[in-house]
Structure formats: C-alpha cells, structure tokens
Amino acid sequence: MRGNADVTADVAVADVAVADVAVVGAGPAGMAAAVEAAAAGLTVALVDADERPGGQYWRHGPHDEGPLAGQHGRRTFAALRAGLVRTGTRTLFGHQVWLIARDADRFTLHLRPTHDGRGPGTRTLTARSLILCPGAYDRQLPVPGWDLPGVMAAGGVQALLKGSGTLAGRRAVVAGTGPFLLPVATGLAAAGAEIVMVCEANPLRGWLRDPGGALREPAKAVEGAQYAALLARHGIPYRTRTVVTEIRGEDRVRSVRIAPLDRDGRPRSGVRIEVDADLVALGWGFTPSLELPLMVGARTRLDTDGSLAAVVDARQRADVPGGPGVYLAGEATGVGGAVLAVREGRLSGLAAAADLGRTIDEGRMRRLQRAIRRGRRFAAALHTATPVPPGWTDWLDGSTLICRCEEVTYGDLCHAARELGAKDPRTLKMLARPGMGMCQGRVCGFATAQVAAALTGGSPGTPGTPGTPGTPGTPSADDLLPLARRPLATPVPLGEIAALDEES
C-alpha cells in the first residue's frame, strides 16, 4: 500500500474477512482502540478511507513523512503507529464502510475502495465486535456570499496546507469561534499568507462561565499560550465578539464585511468595516459524524455545543438494538479533541477485549475513565465559552444559500415555515428540500435545524439535557436526528445496492 509500509502491509479484504474486532476510523481514537484490542490478544481489522493512519488531526505532509513538524501529539502518533506494527493489527486503508448489518452475534461491514479504479467493488468484513471512531467534520453557518470561490471551511484550509503544502489564498480572514481558528491562522501565516484578521464571535471572558472545567486540562492552557505567542509574532490582529456578516465579490472573494456583536449575539446596527481578502476560512466548531453509529441504532443526545452526539456508558459501549458489541470513541461521543479521543479509544479497545473474555487491567481502565471525565468537563467548558451566536440568522438575507447542493435559500425556508406551515426541521426538509443533495445534510443540516428553531420557536430541549424545557430557538436532539440519519454512509453505485438484494 502506498505510504503505509511503516505500519503494516495493506492486505486484501478477503485476507481479513473475519476478525474479533473491526475498528472503523484510523484517527487518534481508532488507532488507540486498535492497538489496545490487539495487544489484549484479539484479531483486529482497522479500516479507514485514507491511505495512511492518523485521520484529519494527524494528517501527513506532502512527502509522506507523517504529521508535520510542530504538530501537537506527534509522539503519541508515532507510538500508536509502532503499536499497530507490534500487535500485528491488520489494516484496510483506502476503503470506506458504506453499510453495516447485524446478524445474531456478528456484524457485516460492506466496504468499497475509496478510489473507484483501485479494484473490485464491495467486499465484506465480519466481526464479533465493532468499535466506531468516525470523527467529525466542519460545522458551517451560512453567510451571504459563502458560496463564492475562495470561501472554505477552516478545516479544509488546514487540510490543504498540511496535505499538500498549498495555500488556499494569500490574504486571508479567519472567522468563526473556538480555538481551532488559532492553528489555522498561524499555519497560514507561517506558510506566507497575510492574515488580515481573526474574528472570534465570543468574548474571552466566556471561559469564566465554567472556570473549574477550564482548569481540568492545564496542557490546553499552555497550548493556547503558544498560539497567542504565534499570533503576536506574526502580527495577526485578533478581534473578539466580531463576525463576518457578508462576503463580497463576483467571480471570487474580493472583500468581506465585518461587524461587532452585541450582548445578544447580534450584529450591531450600522457598524460595519470592509477589508480586502482573497480567502475566507470559516470555522464554527465541528459536528460528530454519526452515519455509522446511527446505522447500528445508537442512541443520541444533545451535546453542550448544540450538536447531536452518540450516547455511551462508562466503558464506551453504545446502547444499540441486538445487545452489546458496539463501542464508540472520539468525536462521535461529543467533540473534545485528539487527547480525549485517544483516551476513549484506549478504553473502548480494553472494554471490547474484556467483553470478549480477555483479561485486562481494571485499574488502568479506571484511570482512563477518570481522565475521560476530566476531558469531557474541559470540552463542556470550551463549548460553553464558544457557543454559536444566538442571533446569527440576523446576518442572513432572503437570497442567502442555506443548502448549496439543492440551492435552497433562507427565503425558501422562511416561506416553508411561514406560508406552508413547517414547524420542525423534518417538515422543513420535506417542503423546501435542504439536505437532500449530494452531501445529504452534512454541510447544511446543523444550520437548517438552527434556522427552523429560530423561525418556529424551537423544540423542548437544552444542550446537554435533552427532554427538559429549553430556550425558544434551540433545536432539540429530535430536531437534529432527521438531518443526521442517512441510509448509506457514503454514495455507492446502484449496482452495489442491487447486489445486496440478490445476496439476500
């Protein structure tokens, strides 16, 4: 396999048709889960759509030398990569899982090569247990002009820079909320781009809402200080409680309009500045990738950041129909970063081994559980400090695209809610068709639920405490679920679906 000789030779799917544990996703959580499960004596198959391990966080550089110098957690990556070799974990890289079925005491995973020309179509892998570590993707909020060339998700900008050393633009505005804006801005600056401004939608004092949680992970404070020093070194302006309200241009981005926010998270009336730019990197946090967990029936909850996340017990076990055997780790259980994902991955691997009869160190499991609780507390403090501004829909106009695949505008959603009687995101989706295009709501799903809640008053439910009375305008877990559930995890030819019927 290209670029994977240092892990273990890639093998044909037929060579690992049966395993004790199938781990899906080779990011921080998946690598850790595979190493622990294999070290406990289980046969493990690690599947990932990419050609190399590491996921989006440990993305390899353009010359396949592993994560770039300066990347946080490189030593952890190196140790986990060595662990995959030491334990004999079999890797199925360059394969996507598009369907999972359960039959009695086993799971059947249907795989396709990531690149169509790479080999035959769907193959299957069966396993007694399943550890899903699907990660997350960029969460986006629409803004007038966000469909112009030159506007990208912050994660996409960083992936392009890490993966190929390519700058997406020379004069950039980085905007949204959360600490992820900092590595994106400093990475661009180090590569030679001019960063006009970093626009953080929230005030820094938001961390005071949960100081106890913020102090649970001291290393994160050190990391933040390092990025602050880099901002100062590159002379990057950093403005809090500030957002991009409009992106201007015809053939591509030419300039952006920026506005300060009031205490209610709404752009201040009449206060705008305009700056020239050829790149806008927008980052509003991340949304857990739940296609596979939902496919096997995992229960969900509303996380502190307003995203839908999967429910797990103290050993990372999902509550699914058909009994135990499914474990979830990493961002699928709530976005919390790579360090927390590694801890959850290790715990899920140990739990799977224990449930399959292997002897494990219970003391080590308890230590991991304590560390995971600290990480979750810190993640909650982070989400509390950097929420989506409650008044973000105020910067939309009727022609602003919400769903780019189906070209559904904000005006279309308003019409469906006010004239056609749509009272929830599911009905809004049926009447106006957001989320029915190629991405199946991965980009627009969160925004559509937010718009629906703003137009209709929202459903009962507060982030983190589903089922309790919440603030009007807050989507509930039930609002988000129809926009997150997809019958297939990834697009496949119709012939592959027809073949399933023939097999059955």
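**Briefing: selected local features**

At 3% relative accessibility, glutamine 316 counts as buried, because the cut-off for buried is under 20%. This is a predicted model. The points below cover backbone angles, a buried charge, strand 9 and its partners, and two helices.

**Positive phi angles**

- Glutamine 316 has a phi near 70°, a positive value in a residue other than glycine.
- Glutamine 316 sits in the loop that links strand 18 (308-310) to strand 19 (326-328).
- Most residues other than glycine have a negative phi.
- Alanine 104 also has a positive phi, near 55°, and belongs to the loop between strand 4 (95-103) and strand 5 (106-113).
- Alanine 104 is exposed, with a relative accessible area of 66%.

**Aspartate 48**

- Aspartate 48 is part of strand 2 (residues 44-48).
- Aspartate 48 is buried but forms no salt bridge.
- The nearest side chain of opposite charge to aspartate 48 belongs to arginine 59, 8.8 Å away; a salt bridge would have to be within 4 Å, so this pair does not qualify.
- Beyond its neighbours within four places in sequence, aspartate 48 is in contact with Gly25, Ala26, Gly27, Leu92, Phe93, Gly94 and His95.

**Strand 9 and its partners**

- Strand 9 (residues 171-176) is mostly covered, with five of its six residues buried.
- Six bridges pair strand 9 with strand 10 (residues 194-200) in the parallel sense.
- Within this pairing, alanine 172 stands opposite isoleucine 195 of strand 10.
- From strand 9 the chain passes through helix 4 (residues 181-190) to reach strand 10, a β-α-β crossover that is right-handed.
- Strand 9 also runs parallel to strand 15 (residues 279-283), joined to it by five bridges.
- Glycine 176 stands opposite glycine 283 in strand 15.

**Helix 6**

- Helix 6 (residues 218-234) has 17 residues and, at 1.5 Å a residue, should span 24 Å.
- The end C-alpha atoms of helix 6 are 25 Å apart, which agrees with that expected span.
- Glycine 235, just after helix 6, takes a positive phi of about 65°.

**Isoleucine 497 in helix 14**

- Isoleucine 497 lies in helix 14 (residues 494-503).
- With a relative accessible area of 33%, isoleucine 497 is partly exposed, because that value falls between the 20% and 50% cut-offs.
- Isoleucine 497 and leucine 99 are 398 residues apart along the chain, yet their C-alpha atoms are separated by 9.9 Å.
- Leaving aside neighbours within four places in sequence, isoleucine 497 is in contact with Trp98, Leu488 and Val492.

Technical notes. Residues numbered from 1 in each chain as written. Predicted model: local features only at pLDDT ≥ 70, side-chain atom pairs only at ≥ 80, totals over all residues. Heavy atoms only, no water. Helix = DSSP H or I, 4+ residues; strand = E, 2+ residues; numbered from the N terminus. Buried < 20%, exposed > 50% of the residue type's maximum accessible area, 1.4 Å probe, protein only. Lys, Arg positive; Asp, Glu negative; His and termini not counted. Contact = heavy atoms within 4.5 Å. Pairing = 2+ DSSP bridges. Right-handed = clockwise from strand over helix to strand, strands pointing away. Expected span 1.5 Å × (residues − 1).
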